[in-house]
Amino acid sequence: MGIPVNITVGSHVWIEDPSVAWIDGQVSEVNGQEIQVQTSDGRTVVANLSKTYPKDEDAPDGGVDDMTELSYLHEPGVLHNLATRYQLHEIYTYTGSILIAINPFQKLPHLYDGHMMEKYKGVPLGKLSPHVFAIADAAYRAMINEGKSNSILVSGESGAGKTETTKMLMRYLAYLGGHKGTQRRTVEQQVLESNPVLEAFGNAKTVRNNNSSRFGKFVEIQFDKNGRISGAAIRTYLLERSRVCQVSDPERNYHCFYLLCAAPQEEIKRYKLGDPKSFHYLNQSNCYELVGVSDAHDYLEIRRAMDIVGISEKEQEAIFRVVASVLHLGNIEFAKGNETDSSVLKDDKSRFHLQTTAELLMCDVTLLEDALLRRVMVTPEEVIKRSLDPEAAAVSRDGLAKTIYSRLFDWLVDKINNSIGQDPNSKSLIGVLDIYGFESFKSNSFEQFCINYTNEKLQQHFNQHMFKMEQEEYSKEEINWSYIEFVDNQDVLDLIEKKPGGIIALLDEACMFPKSTHETFSQKLYQIFKANKRFIKPKLSRTDFTIAHYAGEVQYQSDQFLDKNKDYVVPEHQDLLSASKCPFVVGLFPPVAEESTKSSSKSSKFSSIGSRFKLQLQSLMETLNSTEPHYIRCVKPNSLLKPAIFENVNIMQQLRCGGVLEAIRISCAGYPTHKTFSEFLNRFGLLAQEVLEEHVDEKVACEKILEKTGLAGYQIGKTKVFLRAGQMAELDAHRAIKLTSAVKTIQRETRSHIARKNYVSLQKAAICLQSLCRARFAFKLYVTMKREAASLRIQTKFRGHLARKSYTKLKCSVITLQTGIRVAAAREKFRYKKQTRAAIIIQAHERRHKVFSYYKKLIWASILAQCRWRGRVARRELRKLKMASRETGALKEAKVKLEKQVEELKLQLQLEKRLRMDLEEAKDQEIAKLQNSLRGMQSKQNETNTLPKEHEAAQKAIEGDSSTVEKKTVPVEHAETVEALTAEVENLKVLFKKEKQRADDSERKCAEAQESSKEKCRKLEETERKVQQLQDSLNRYLLQGVLLGMLYSRRIT
C-alpha cells in the first residue's frame, strides 16, 4: 500500500515500528531511497522511502469522526486517529458508512440511555457523533423512506463487543418500531428476551471473552407498513458442538450447565445434580465461576426470559432435564470387558449416572447401555451385534451428548421463532448479523475453517459494497472512473467451495469412504491444489495445509476435519431416543422414515456439516444481497480485557481481518482523497495567489491550481476535487516548498528590519553617551575646584585636631597611670582582705568540724550508753521474767497436783455417792422388811385385837416419815427386835451425815482449788504478756542501736 510521495528534509512521516506498529518522526536526512528519521521517542531510525507515509500535521488534536476526512488515508493515519479518539473515550468512528466500535471494557450507561436514543432519532448519518444508534437509525430511515430491506453486519473477533453491540441495535430498533402503551407480550419484547436465552445455551467463557458467542446469528426483524415491528425470525449458524465434551483450561462449557448447577435446591435434587466439579464435561477446566456474575441469579433471569419468549413451564422443565442428562451422560465411564474389543461400565458410580440419564431421558436403561456399548450391523444375510472397546464407547457417549445438545439448541431456536411468529404481509425487514470474526490461532481446526470461509464470503460482499459506494460517489460527482481496478477474492472462495474440486467437496468425498483418513485427505489436497497460489503446503507437516486468506495466511490442522464434518445420528441412538416416554425428547429425535432406513448406509448415516453450512451461507448471502448493508466492525483494544489500554499491533491485525484496511485499499485504488472546493482552496490556495485575487469560480480556481502544480490523473467533480493516491502528499510537498520560500522571505525581511532597528538604536545611544560624557567632564572640573577649597579648610581643621589629639593623649596617659597605681593598691588591699577572710572561714570550718565530731561522739556514746543501760534493764527484767516463769512452772505443777486432787476428790465423791445410794437402797430394803414385819405383826394384832391404837400410831409414823422411826414402847412380844432395828437406823443416819459432811468438804476444797488454779493461770498469762513486751522492747532498742550505728558510720565516711 506504498504511496509515492515527495518527502524532503523536515517532513513529518510515519515509519514502521515492531513494538507499536507505526511511530511518527521528522526526516533529518534523505539518501536516495533511504531516509533518516528522528522519532518522537528520541531515537534515530533509518527507513525505506517506499515504507514511509506522510503525517498530516494539520489534523485536529481530537481526531476526526469520519476517517475519510483524513488528508492521508493510510494505515498509520487510521490507527493514530482511532488511538486519539479512544483516549478521549470516543469509542465510535466512521470510515465512510462503516462504523468502527472499540470495546471500552467498562460500563458507559450515558451512551445508551433513553436520552441518547431520542437524540439520534431521525438525525441523518454523520450529523452527530458516530454511534451505533446512528447506524440503526440510518437503516430504519432507509427502510421507511425507500421501502427496501436493510441489514446491519456486526463482526469482530471474540471479545470485541459484537454481542453487546447487537443488543444495542435491537434495543434501538425496538424503541423505533415498538408498540407503545401496550401491556401484552409484544414482539419486540420477545425478540429482546430471546438474547439471554440463546446466550445461556450458545455462549461460553473463552480465553478471549467471558461471554463468547459460539454460534453465528442472523436476526430478521420484520416491520409493517407503519414501521412497527410485526414479526421476527432468528437463524443460527455453526454451533460449536465439540465444546459440549471438550473444554480447555481456563475456558468454560456453555453457560446453561453452570446455571442449572446453581439452581434452587429442589431442582438440584430433582435432577440429582451437585457441584460442577463433579461432572466430567465441566471439570476439564479449573474455571467454574465468572467474576461479577451470579449463576443463581442468572438462572432465575433465564426462566423469566423463557416465560416472556413463550416457552411453557412444562417445556422449561423438559429442557433442563435434557441438560442435566447430558451432564450425567458425561460421567459414564467404561472399562475393558471379558471379550476382545468389548467394554463394560467401569463401576457403580457409572451405573448410577447411567440410571439417572435413562430416568431423565425417560428411556430404557438397558437399551441405553446397549446403545453405548454395542453397534448393530445389518447385512443381507443377518444382523450382527458388535461390541465397542472403551475408547470407542467413550466416543459413542460423546457423540450422543453432542447430538442431544445440538438438537436441543435447534429446538430452542425453532421454538423462539414459532413463538415470535413471522408476518407474511411484511414487505421490509432489517437483518442484524452477529457473526464470528476472522480467526487465526496456533491450532486451527474445522471450526476455524468454516468461520474464515464465512468471513471470505462476507469480505467479498463488503468489497463489492464498498466498490459500489465508490462508484455511486463518482457517478454523483460525474467523474470518469472506468479505469479503476477492483481486486476480488473469488479465487479463495473457489478454492473452498467450488464443485467438484473445492476443499469442501473433497472433504465430503473423503467422509463418504470408510477407509479415508485425514492423511489421505491432506495428500489429495496437496495433489490437486499444488499449483494454486492461495493454497500452501507447510514444509514441516504432512497433514496440515495453509490458505492465504484476505486477512493473512492461516495454517489448518486436518486431524479432526473428517470427524467434525460428519453429522449423522447413530441408528441405535436414534431408535433409543425416538422410543422415549418423554414427548419432548421424542420431538428432538423424530422417528426416521421407513424408506430412508432401507436406503444405503452411506446416504442414511452421513450428512455433511460443511455442505449444509455452505448452503446456509449461500442463503444468508442471498438475503444480504437483497438488502442495503450497513457495517459495524467491533475491535478489541487489548488482550487483557481492561479499559484505557490500546495495543497498536493487535488492533492493526483486527482492522486487517475486519476488512477496514481492505476498504482503505479499495479507496486508494480509486480516489482516496475527496476535498470540497472550499477545503481545497483553503489548504492549497497559496500555491496560486493570483488565482485567488481574480475572484473566479471555486471550481475554476481549483483547476488552475492543479494545472499550475502539473498533477495528472486527478478528477474534478461537481462539488469536490478527487485526488489519486500520493497526490495529496505531492500537493503538500509543493505547499511546504511554497511555505518554506515564504518563510525565508519573511526571515530575510525580519532580519533587515531587526538590523535597521539596531542601527537606529545604536545612533541614539551614541549621542546620548556623548552628552553624558561632556556632562561628566564638567562635573569632574567642578568637583576638583571644590575639593581644592575644601582641602585648605581640612588642613586647618586637621592641625587643630592633631594638637587637640596630642593633649588628649597626654591627659589620658596621666589618668591611666594614676588609675593603674590606685588599682594596684586596691588590689593589694583586696588580696589581704580575701586572705584574712579565707583564714577565718578555714578556722570556722575547722572549729565546726571539731565540735561536730565531738558532738557525734557524744551522741554515739549516749546512744551506746542508753543501749547498754536498756540492755541491762532488759536483762534484769529478763531475769525477773525467768524467775516469774519458774514460779509459773511451780504454779503449773501445783495446778496439776490440785487438778489431780480434784479428780481424786471427784472419784471419792462419786464413791461416797455410790455408797450413799447403796445405803439408801439398804435402808429402803430394811424399811421394806420392817414394813413387812409390821404388817405381819399387825395382822397378828388384828387377830388378837390386843393392840389396835399402838398399831395405828406405828403405822402413821412409818407412813409419815420413812427416814425416821420414832421409838415407842409397844407392848408386844417383838419389842426387842424393833429396838435393835431402830438403833441400827440411827447408826446409819449418823454415818450418812458424816459422809455427807465429807462430801461437802471435798466439794468446797475442789472449788477452792479451782479458784486458786484460775488465779494462777491469770498470773501466768500476765507474766507471759510482760515477757513478750520486754522482748519486743529489747528488740526495738537493739534495732535502734544498729540503725544509729549505721548512720554514724555513714557520717564518718
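This passage describes a recorded binding site, two cis peptide bonds, two leucines with positive phi and a surface patch. The model is predicted, so local features need pLDDT of at least 70 and side-chain atom pairs count only at pLDDT 80 or more, whereas totals for chains, interfaces and linings use all residues. Residues are numbered from 1 along each chain as its sequence is written, and side-chain values use heavy atoms, with hydrogens and water left out.

The binding site comes first. An unreviewed UniProt entry lists Gly156, Glu157, Ser158, Gly159, Ala160, Gly161, Lys162 and Thr163 under "binding site"; UniProt positions follow the numbering used here, feature names are shortened, and annotations may be inferred rather than shown by experiment. Glycine 159 sits in the loop between strand S8 (150-155) and helix H4 (162-177). Helices (H or I, at least four residues) and strands (E, at least two) are DSSP runs, numbered from the N terminus. With a relative accessible area of 5%, glycine 159 is buried; buried means under 20%, exposed over 50%, and partly exposed in between (1.4 Å probe, protein chains only). Residues up to four places away in sequence aside, glycine 159 touches Asn103, Phe105, Arg208, Asn209 and Lys636, where contact means heavy atoms within 4.5 Å.

Lysine 162, also on the UniProt list, belongs to helix H4 and is buried at 10% relative accessibility. Beyond its neighbours within four places in sequence, the contacts of lysine 162 include Asp434, Ile435, Tyr436, Gly437 and Cys634.

Next, the backbone. The peptide bond from aspartate 249 to proline 250 is cis, with omega near 10 degrees, and proline 250 falls in the loop between strand S12 (229-237) and helix H6 (255-261). That loop between S12 and H6 also holds leucine 238, a non-glycine residue with a positive phi near 55 degrees. Lysine 499 and proline 500 are likewise joined by a cis peptide bond, with omega about 0 degrees; proline 500 is in the loop between helix H14 (490-497) and helix H15 (503-512). Leucine 641 has a positive phi of about 60 degrees, lies between strand S21 (628-635) and helix H23 (648-657), and is partly exposed at 29% relative accessibility.

Finally, the surface. Val376, Val378 and Val383 form a nonpolar patch with about 270 Å² of accessible area together. Patches are made of residues with over 30% relative accessible area and no salt bridge, with like charges joined within 9 Å and nonpolar side chains (Val, Leu, Ile, Met, Phe, Trp, Tyr) within 5 Å. A salt bridge is a side-chain nitrogen of Lys or Arg within 4 Å of a carboxyl oxygen of Asp or Glu. Accessible areas come from the Shrake-Rupley method with a 1.4 Å probe, and for residues only the protein chains shown count as cover. Valine 378, in strand S15 (residues 374-378), is exposed because its relative accessible area is 67%.
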